[in-house]
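Here are some comments for a colleague, set out as numbered points to be read alongside the model.

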Amino acid sequence: MLCPRTNASLEPLLIGGITVYTSVQGGVFFDNSQIFKFSSPELKHGQVLLKYLSNYTEGEGDVSSRVNCPKCPSIVMMRRYFSPVKAVEIDECPGCAGIWLDSGELEKIHENHLTPKERKLLAHEMETNHGFITIKSPASRFTPTNKNKSAHEATVENLVRLALLGL
Ligand SMILES: [Zn+2]
(Lines give C-alpha, C1' and ligand atoms only; values in the text may rest on other atoms or scores of the structure.)
Protein backbone atom coordinates (compact mmCIF):
# COMPACT_ATOMS: atom_id res chain seq x y z
CA MET A 1 0.00 0.00 0.00
CA LEU A 2 1.13 3.54 -0.69
CA CYS A 3 0.93 6.68 1.43
CA PRO A 4 -2.04 8.72 0.16
CA ARG A 5 -0.10 11.95 0.77
CA THR A 6 3.32 11.16 -0.67
CA ASN A 7 2.88 7.88 -2.63
CA ALA A 8 5.83 6.42 -0.72
CA SER A 9 5.17 2.89 0.43
CA LEU A 10 3.49 2.31 3.77
CA GLU A 11 5.32 0.00 6.14
CA PRO A 12 3.33 -2.68 7.97
CA LEU A 13 3.76 -2.48 11.74
CA LEU A 14 2.58 -5.32 13.96
CA ILE A 15 1.34 -4.21 17.38
CA GLY A 16 -0.08 -6.84 19.72
CA GLY A 17 -1.34 -9.01 16.87
CA ILE A 18 -2.81 -6.12 14.82
CA THR A 19 -1.13 -4.80 11.70
CA VAL A 20 -1.29 -1.08 10.92
CA TYR A 21 0.48 0.69 8.05
CA THR A 22 2.67 3.68 8.76
CA SER A 23 4.32 6.33 6.62
CA VAL A 24 7.72 7.86 7.33
CA GLN A 25 5.95 11.20 7.83
CA GLY A 26 3.99 9.85 10.80
CA GLY A 27 0.73 9.03 8.99
CA VAL A 28 -1.02 5.75 9.72
CA PHE A 29 -3.65 3.57 8.00
CA PHE A 30 -5.98 1.29 9.96
CA ASP A 31 -7.81 -1.58 8.30
CA ASN A 32 -11.54 -1.96 9.04
CA SER A 33 -12.47 -0.75 12.51
CA GLN A 34 -9.14 -1.51 14.08
CA ILE A 35 -8.60 2.15 14.91
CA PHE A 36 -10.79 1.58 17.97
CA LYS A 37 -8.10 -0.69 19.42
CA PHE A 38 -5.77 2.35 19.31
CA SER A 39 -7.99 5.39 19.81
CA SER A 40 -8.02 5.62 23.61
CA PRO A 41 -5.00 6.65 25.69
CA GLU A 42 -5.86 3.85 28.15
CA LEU A 43 -5.36 1.15 25.54
CA LYS A 44 -1.93 -0.46 25.50
CA HIS A 45 -2.08 -0.74 21.69
CA GLY A 46 -2.71 3.01 21.45
CA GLN A 47 0.17 3.86 23.77
CA VAL A 48 2.61 1.71 21.83
CA LEU A 49 1.57 3.12 18.46
CA LEU A 50 1.69 6.73 19.65
CA LYS A 51 5.18 6.19 21.03
CA TYR A 52 6.27 4.67 17.73
CA LEU A 53 4.76 7.51 15.68
CA SER A 54 6.43 10.13 17.89
CA ASN A 55 9.70 9.17 16.16
CA TYR A 56 8.23 10.50 12.92
CA THR A 57 7.15 14.07 13.40
CA GLU A 58 8.00 15.41 9.98
CA GLY A 59 4.37 15.98 8.95
CA GLU A 60 3.00 15.75 5.45
CA GLY A 61 2.78 19.48 4.75
CA ASP A 62 -0.64 20.39 3.41
CA VAL A 63 -3.12 17.84 4.73
CA SER A 64 -6.28 19.71 3.73
CA SER A 65 -6.76 17.95 0.40
CA ARG A 66 -8.85 14.80 0.09
CA VAL A 67 -6.96 11.53 -0.26
CA ASN A 68 -7.59 8.20 -1.93
CA CYS A 69 -7.75 5.03 0.17
CA PRO A 70 -4.37 3.25 0.35
CA LYS A 71 -6.19 -0.09 0.14
CA CYS A 72 -8.72 0.86 -2.60
CA PRO A 73 -6.80 3.42 -4.70
CA SER A 74 -9.84 4.30 -6.85
CA ILE A 75 -11.93 5.43 -3.84
CA VAL A 76 -11.69 8.96 -2.40
CA MET A 77 -11.86 8.89 1.39
CA MET A 78 -14.52 10.88 3.25
CA ARG A 79 -13.63 13.48 5.86
CA ARG A 80 -15.48 13.24 9.12
CA TYR A 81 -15.04 14.01 12.79
CA PHE A 82 -13.70 11.15 14.83
CA SER A 83 -16.10 11.67 17.75
CA PRO A 84 -18.90 13.97 18.96
CA VAL A 85 -16.10 16.09 20.44
CA LYS A 86 -15.42 17.73 17.09
CA ALA A 87 -11.70 18.15 17.53
CA VAL A 88 -10.11 15.76 15.07
CA GLU A 89 -11.05 15.21 11.44
CA ILE A 90 -10.14 11.86 9.97
CA ASP A 91 -10.29 10.26 6.51
CA GLU A 92 -12.49 7.20 6.22
CA CYS A 93 -12.89 4.91 3.19
CA PRO A 94 -16.55 4.33 2.23
CA GLY A 95 -15.43 1.12 0.51
CA CYS A 96 -13.42 -0.80 3.11
CA ALA A 97 -14.01 1.25 6.29
CA GLY A 98 -10.27 1.82 6.50
CA ILE A 99 -9.13 4.97 8.29
CA TRP A 100 -6.19 7.22 7.46
CA LEU A 101 -4.72 9.51 10.12
CA ASP A 102 -2.26 12.22 9.18
CA SER A 103 0.76 12.94 11.32
CA GLY A 104 -0.21 14.03 14.85
CA GLU A 105 -3.89 13.06 14.57
CA LEU A 106 -3.68 9.98 16.79
CA GLU A 107 -2.15 12.18 19.48
CA LYS A 108 -5.07 14.61 19.16
CA ILE A 109 -7.58 11.78 19.36
CA HIS A 110 -5.94 10.65 22.60
CA GLU A 111 -5.89 14.21 23.97
CA ASN A 112 -9.58 14.64 23.29
CA HIS A 113 -10.62 11.36 24.80
CA LEU A 114 -12.88 12.12 27.77
CA THR A 115 -12.96 9.71 30.66
CA PRO A 116 -16.30 9.11 32.40
CA LYS A 117 -14.91 11.19 35.30
CA GLU A 118 -14.26 14.15 32.97
CA ARG A 119 -17.75 13.92 31.50
CA LYS A 120 -19.18 14.04 35.03
CA LEU A 121 -16.98 17.02 35.89
CA LEU A 122 -18.19 18.86 32.81
CA ALA A 123 -21.84 18.26 33.68
CA HIS A 124 -21.15 19.53 37.22
CA GLU A 125 -19.31 22.64 35.95
CA MET A 126 -22.16 23.54 33.63
CA GLU A 127 -24.71 23.16 36.42
CA THR A 128 -22.90 25.13 39.10
CA ASN A 129 -21.65 27.93 36.86
CA HIS A 130 -24.88 28.33 34.91
CA GLY A 131 -22.96 28.24 31.70
CA PHE A 132 -20.35 30.78 32.84
CA ILE A 133 -17.36 28.80 31.73
CA THR A 134 -14.46 30.70 30.23
CA ILE A 135 -14.47 29.77 26.60
CA LYS A 136 -11.43 29.63 24.36
CA SER A 137 -11.78 28.92 20.65
CA PRO A 138 -11.09 25.30 19.87
CA ALA A 139 -7.63 24.85 18.37
CA SER A 140 -7.57 24.27 14.66
CA ARG A 141 -6.27 20.92 13.47
CA PHE A 142 -3.36 22.73 11.88
CA THR A 143 -2.20 24.35 15.10
CA PRO A 144 0.96 22.67 16.33
CA THR A 145 0.48 20.82 19.59
CA ASN A 146 1.96 22.50 22.63
CA LYS A 147 4.03 19.71 24.14
CA ASN A 148 4.50 21.58 27.42
CA LYS A 149 0.82 21.81 28.20
CA SER A 150 0.01 20.20 31.53
CA ALA A 151 -2.49 17.37 31.71
CA HIS A 152 -4.80 19.60 33.73
CA GLU A 153 -4.80 22.37 31.14
CA ALA A 154 -5.46 19.85 28.40
CA THR A 155 -8.42 18.50 30.37
CA VAL A 156 -9.87 21.98 30.86
CA GLU A 157 -9.54 22.64 27.15
CA ASN A 158 -11.33 19.41 26.38
CA LEU A 159 -14.15 20.37 28.71
CA VAL A 160 -14.43 23.79 27.10
CA ARG A 161 -14.64 22.19 23.67
CA LEU A 162 -17.46 19.99 24.87
CA ALA A 163 -19.18 22.98 26.43
CA LEU A 164 -19.03 24.78 23.08
CA LEU A 165 -20.87 21.87 21.55
CA GLY A 166 -23.54 21.98 24.23
CA LEU A 167 -22.97 18.36 25.11
ZN1 LIG B 1 -10.60 1.44 1.15
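**Notes on the hairpin, the zinc site and a loop residue**

1. In the hairpin formed by strand 1 and strand 2, where two residues lie between the strands, Gly-16 adopts a positive phi near 50°. The model is a predicted one, and the backbone angle of Gly-16 should be read as a computed value from that prediction.

2. The two strands of this hairpin, strand 1 (residues 11-15) and strand 2 (residues 18-22), pair in the antiparallel sense, and five bridges join them. Where the pairing reaches Ile-15, the bridge partner in strand 2 is Ile-18.

3. Which residues supply the protein donors of the zinc ion? They are Cys-69, Cys-72, Cys-93 and Cys-96, each through its SG atom, at 2.2 to 2.3 Å from the zinc ion. Along the sequence these donor residues follow the spacing C-x2-C-x20-C-x2-C, and of the donors both Cys-69 and Cys-72 are buried.

4. The angles subtended by the four donor atoms around the zinc ion run from 104 to 114°, and the arrangement is therefore tetrahedral. For comparison, the ideal angle for four tetrahedral donors is 109.5 degrees.

5. Is Asn-55 buried or exposed? Asn-55 sits in the loop between helix 1 (44-53) and strand 4 (78-81), and it counts as exposed because its relative accessibility is 57%, the cut-off for exposed being over 50%. Although Asn-55 and Gln-25 are 30 residues apart in sequence, their C-alpha atoms are 9.4 Å apart in space.

Definitions and conventions: Residues are numbered from 1 along each chain as its sequence is written. This is a predicted model: local features need pLDDT of at least 70, side-chain atom pairs count only at pLDDT 80 or more; totals for chains, interfaces and linings use all residues. Side-chain values use heavy atoms; hydrogens and water are left out. Donors are N, O and S atoms within 2.8 Å of the metal (3.2 Å for Na, K and Ca); water is not among the atoms, so sites may look incomplete. Four donors count as tetrahedral if all angles lie between 85 and 135 degrees; four count as square planar and six as octahedral if opposite donors are over 155 degrees apart and all others between 65 and 115; anything else is irregular. Buried means under 20% relative accessible area, exposed over 50%, partly exposed in between (1.4 Å probe, protein chains only). Two strands pair if DSSP finds at least two bridges between them. Helices (H or I, at least four residues) and strands (E, at least two) are DSSP runs, numbered from the N terminus.
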